[in-house]
Every structure is written in structure tokens, then in C-alpha cells.
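User: Please take a close look at the shell around the ligand, and set it in the context of the domains and sheets of the protein. I would like one connected account.

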Amino acid sequence: MNRREFIKTTSAVVSTATLFGGHEKLFAAGMDNVKVALVGCGGRGTGALGNFHEAARHLNMKVEIVALADFFMSQATKVAEKFKVPKELCLAGPTAYKKVMATDADIVLLVTPPNFRPVHFEAAINAGKHVFMEKPVAVDPPGARKIIDVGELANQKGLAVVAGTQRRHENSYLETHFAINKGAIGPIRNAKVWWCGGALWYRERHPGEDDASYLVRNWVNFTEMSGDHIVEQHVHNLDVANWFLDRYPKTALGFGDRVHRKTGNQYDFFSIDYDYGDGVNVHSMCRQINGTYPRISEFFTGTTGSTFGSGQGKEEFATPYKMPPKPHVKNPYVQEHINLLDSIARGNPLNEAKNVGTSTMTGIMGRISAYTGQMIRWSDLMENTESPFYNLAMSPSPMDFEKGTVKAPEEETAAKPGKPS
Ligand SMILES: NC(=O)c1ccc[n+]([C@@H]2O[C@H](COP(=O)([O-])OP(=O)(O)OC[C@H]3O[C@@H](n4cnc5c(N)ncnc54)[C@H](O)[C@@H]3O)[C@@H](O)[C@H]2O)c1
């Protein structure tokens with residue numbers, strides 16, 4: 001069996017493997033190294049590659065980097081230097097991801113801005129790669145649906161897909177989830193979720209810089225690139241709400257506005273009421289404004305109690321609500337890669353595409369409500385092809401970047417809901 005076949009069919013071999021902290025090799029004879037490639041060599045891409053190495057160390061596996069791709073060659077070579085691999089492995093440009101998929105990488109890490117994720121994810125699964133992809137995974141409804149569909153294809157192909165919604169790999173969250181499922185606070189009746197913090201960075205256009213390069217460098221300020229911050233950051237908390245409630249909102253109704261932000265076309269704050277049916281509502285707030293009250297968390301109220309998503313401020317849950325201990329590392333950014341590799345080795349690949357696709361769609365749903373002033377239904381985005389929102393696709397699209405037809409959106413302005421009085 002060659003190593004590629006092996007990585008796809010290792011379940012029997014590793015049934016007794018010690019996960020980590022132990023000394024058995026997860027990938028038995030002939031499979032103690034894994035080939036990885038990175039698409040998107042920025043801050044998180046560099047971090048994710050480091051986390052991947054650390055996870056592999058816990059599993060006694062060796063990592064071989066086979067390609068590093070970025071829009072800019074300078075970004076890719078920075079990562080090559082950091083990880084001490086030859087610059088010949090670096091690839092650049094908006095189509096560099098295609099060359100990555102043609103390598104013999106076992107796993108690809110997709111860490112560009114989120115507007116590119118659906119196209120990159122589809123290419124990776126078509127090429128038979130296991131995937132780690134950062135959240136969020138799309139910026140518009142067609143993109144989020146593509147992630148869910150391609151995730152299904154990954155299932156059929158037996159490929160693992162782990163997303164950067166790391167709270168799902170964080171012990172404190174897993175403990176709270178376990179306790180709530182066992183009835184520690186009774187059925188959830190409502191929740192509040194927050195990502196309220198300061199302003200992120202912005203980058204001004206260099207003299208003579210083309211639209212595509214400018215948008216890539218300043219991506220966190222353009223909805224077409226990031227989805228706006230209700231999608232880009234707040235997806236973490238919305239994901240916890242969907243996870244703990246084990247369903248998606250039926251409707252979203254909310255508002256937001258642009259106040260201080262420089263460059264781009266995003267809002268600075270959103271306040272959205274998500275209706276999950278059965279009288280259960282989740283109030284979501286997110287804000288990126290300096291000098292305002294900060295809070296990043298989730299709070300659930302049940303019929304008999306309440307708790308933060310992380311269990312923060314609580315005594316340990318008592319039996320029978322206490323999760324049986326299981327091996328884990330403290331850093332969820334490492335644990336998610338351990339879980340990815342472990343699931344592949346066991347021949348039982350994790351697939352988080354639907355979770356992260358639907359949580360991304362939840363953020364998109366709130367954003368569309370705030371931008372338009374309308375109540376948005378889940379069915380408008382997922383089922384009702386006649387809805388004006390079903391095919392709402394962002395422009396420029398990833399294909400515009402590939403074809404060199406990018407036109408930057410108008411700046412220093414933002415969506416205005418309703419009509420002037
Ligand atoms: N899970 C988390 O807590 C967490 C934290 C930070 C960022 N993120 C996510 O990670 C992703 C990247 O964020 P970041 O902070 O690293 O941004 P970044 O700007 O530091 O890096 C993005 C990199 O992608 C490159 N790039 C852009 N378009 C590309 C393309 N088409 N092909 C190849 N490379 C391309 C850019 O040149 C840049 O080097 C985002 O989706 C972000 O939301 C997640």
C-alpha cells in the first residue's frame with residue numbers, strides 16, 4: 001500500500017493508537033509523515049501551519065511542506081523562511097491554488113480571505129485532498145451553499161474537512177455543550193452572543209496600485225472580501241449558538257451602521273434578533289469601535305439555569321452533567337489539527353463543512369437584514385430560488401481575480417436600508 005492509499009484507509013491500523021502524549025505512532029509503518037500545503041500565507045495561515053506542526057508532533061508524525069501559495073510571492077517566501085523550506089516551493093498569484101491541488105499534498109490548509117474559500121474548497125475536494133479551512137467560508141448565499149454541497153462530496157469521497165471554528169475543539173465549550181445536552185440548565189429558551197471589540201486594521205491604496213491587490217491587502221474592510229465583520233469575526237459566536245441549539249435560525253431581523261471606519265464599505269456595528277422558532281430567540285451584537293464596552297462570548301438561558309458558552313464563571317458541572325475526561329491540549333488551534341489528523345488516521349474523517357457553511361450563512365443572513373432593513377428567512381437563502389436574496393452574489397467574484405477583471409467597489413460608503421423619508 002502506498003502512503004497515499006494508506007492515509008485514506010488507516011482505520012484498522014490505528015484502532016489502538018494513543019492519541020497524544022503517548023508514544024505510539026498514529027500513522028503506522030510507512031506512514032509517519034504527512035504532506036501539507038498552504039494557500040494564503042498571511043497571519044493566520046502562518047499560525048495554522050505552526051499549529052499543524054505542533055499537532056503532528058503530538059501524534060509523532062513528521063510534516064513535509066510541499067507548497068506555499070499566496071496572492072503575493074513576498075508573503076509566500078516569508079513563510080518559506082520561517083519554516084526553513086526552499087523558496088522553490090512558493091507559488092504566487094490568484095490561480096496559484098490550482099498548482100497546489102496538482103501537488104501530492106495529503107492535506108491543504110485554506111487560509112485566504114473568505115471570498116475565495118468556496119472555489120478553493122471545491123478544487124481541493126475535487127483533487128482528493130483533506131482540508132483544513134479557516135472560518136468564515138463564504139461571503140454570500142451561493143458561496144455558503146457551495147461549501148455545504150462540496151462538503152457532501154467530501155463525505156462521499158471519505159475526505160476530512162475541519163474548520164477554524166475552534167470553539168468546537170475547545171474543552172471548556174465541549175464541557176458546557178455536554179452539560180446542556182444532559183439537561184444542566186434545562187432546554188435553552190434564549191441566548192445572547194457577542195463579538196464587541198475594537199476596530200481592526202485598515203490599509204490605504206498605494207499610488208498606482210491595481211484594484212485586485214488593494215482589495216486583497218485591505219480585505220477586512222470590504223464586504224465583498226470578508227462578508228463584513230458579522231460574518232468574518234462574529235461567525236464564531238453564531239456557530240456556538242447553532243451548535244448548542246442544534247438548529248439554524250428561521251429568520252433574522254436587525255440593523256447596523258457605519259460610524260468611524262476608514263476605507264472600504266462595511267458597517268461598524270450590527271444588532272440582530274435571530275428567531276430559532278418555538279419561542280427561542282438569540283440576540284446577536286457585534287461591533288468594531290474603539291473605546292466601547294468589549295465582550296466576546298455567548299450566554300444561554302434555559303428553563304432551570306443559565307451559563308456562558310465557555311462555562312466561564314461557573315463551578316465545574318456536577319455529575320451527571322460533567323463530561324468524562326478526554327485527552328486534549330489546551331490550545332484549541334492545535335487541538336483542531338489533532339482532531340483532523342486523528343480522524344484521517346482512524347479512517348473516520350471528521351467533516352465540519354456543513355457546520356461552518358451554515359454558521360457562515362447565519363452571519364450572511366443577519367448582514368442582509370441589516371443592509372436591506374428586511375426580515376430575512378433561512379428559506380430565502382437555502383431553498384426559495386425565487387427569493388431576491390437566494391442568488392445574491394458578491395462582485396468582484398473570485399473568477400474576476402483569476403481573469404484580471406476586478407473592479408473595486410465604491411468606498412467610504414455603506415448599504416442604506418429602506419427609503420429616505
Ligand atoms: N480562527 C480564528 O480565530 C482566525 C483568526 C484570524 C483569522 N482567521 C481567518 O483566517 C483567514 C485569513 O486571515 P488572516 O488574518 O491570515 O489575513 P491576512 O491578510 O493576514 O492573510 C491572508 C493572506 O491570503 C493571501 N491571499 C489573498 N487572496 C489570495 C488568493 N486568491 N490566493 C492565495 N493567497 C491569497 C493574502 O495575500 C494574505 O497573505 C480569514 O478567513 C480570517 O477570518 C481566523
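Analyst: The account below starts with the basis of the model, turns to the ligand shell, and then follows the two domains and their sheets.

This is a predicted model, in which local features need pLDDT of at least 70 and side-chain atom pairs count only at pLDDT 80 or more, while totals for chains, interfaces and linings use all residues. Residues are numbered from 1 along each chain as its sequence is written. The average pLDDT (the predictor's confidence in each residue, from 0 to 100) is 93 for the protein, and 93% of the residues score at least 70. Residues 1-6, however, have a pLDDT below 50, and this stretch makes five contacts in the model beyond near neighbours in sequence, where two residues are in contact if their C-beta atoms, placed from the backbone, lie within 7 Å. Over residues 8-31 the pLDDT likewise stays under 50, and the model has 43 contacts for them beyond four places in sequence.

The shell around the ligand holds 27 residues, of which Gly 40, Gly 42, Gly 43, Arg 44 and Glu 134 come nearest; a residue is near a molecule or strand if its C-beta atom, placed from the backbone, lies within 6 Å of it. By class, the shell is made up of 14 nonpolar, eight polar and five charged residues, with Ala, Val, Leu, Ile, Met, Phe, Trp, Tyr, Cys and Pro counted as nonpolar, Asp, Glu, Lys and Arg as charged, and the others, Gly among them, as polar. At least two residues of the shell come from each of helix 2 (43-58), strand 2 (62-70) and helix 4 (96-101), and helix 2 gives the most, with three residues. Helices (H or I, at least four residues) and strands (E, at least two) are DSSP runs, numbered from the N terminus.

The shell draws at least three residues from each of domain 1 (3-168 + 331-352) and domain 2 (170-326 + 357-403), whose bounds come from an automatic or database domain assignment. The C-alpha centres of domain 1 and domain 2 lie 24 Å apart, and the contact between them takes 26 residues from domain 1 and 34 residues from domain 2. On the side of domain 1 that touches domain 2, helix 6 (residues 141-157) gives the most, with seven residues, and this side divides into 16 nonpolar, five polar and five charged residues.

Strand 2, which supplies residues to the shell, belongs to an open sheet of six strands with parallel pairing, in the order 3-2-1-4-5-6; two strands pair if DSSP finds at least two bridges between them. Strand 3 (90-92) and strand 6 (161-163) are the edge strands of this sheet, each pairing on one side only. Within the sheet, strand 4 (residues 107-110) and strand 5 (residues 130-133) pair in the parallel sense over four bridges, and Leu 110 has Met 133 in strand 5 as its bridge partner.

A further open sheet has seven strands in the order 12-11-7-10-9-8-13, with mixed pairing. Strand 12 (306-308) and strand 13 (376-377) stand at its edges with a single partner strand each, so one side of each is left without a neighbour in the sheet. Strand 8 (residues 251-257) and strand 9 (residues 269-275) pair in the antiparallel sense over seven bridges, with Ala 252 standing opposite Tyr 274 in strand 9. Helix 13 (residues 353-372) packs on the sheet and touches strand 8, strand 9, strand 10 and strand 13, its direction making about 60° with that of strand 8; axes are lines fitted to C-alpha atoms, for helices over the stretch in contact, and angles run from 0 to 180 degrees between N-to-C directions.
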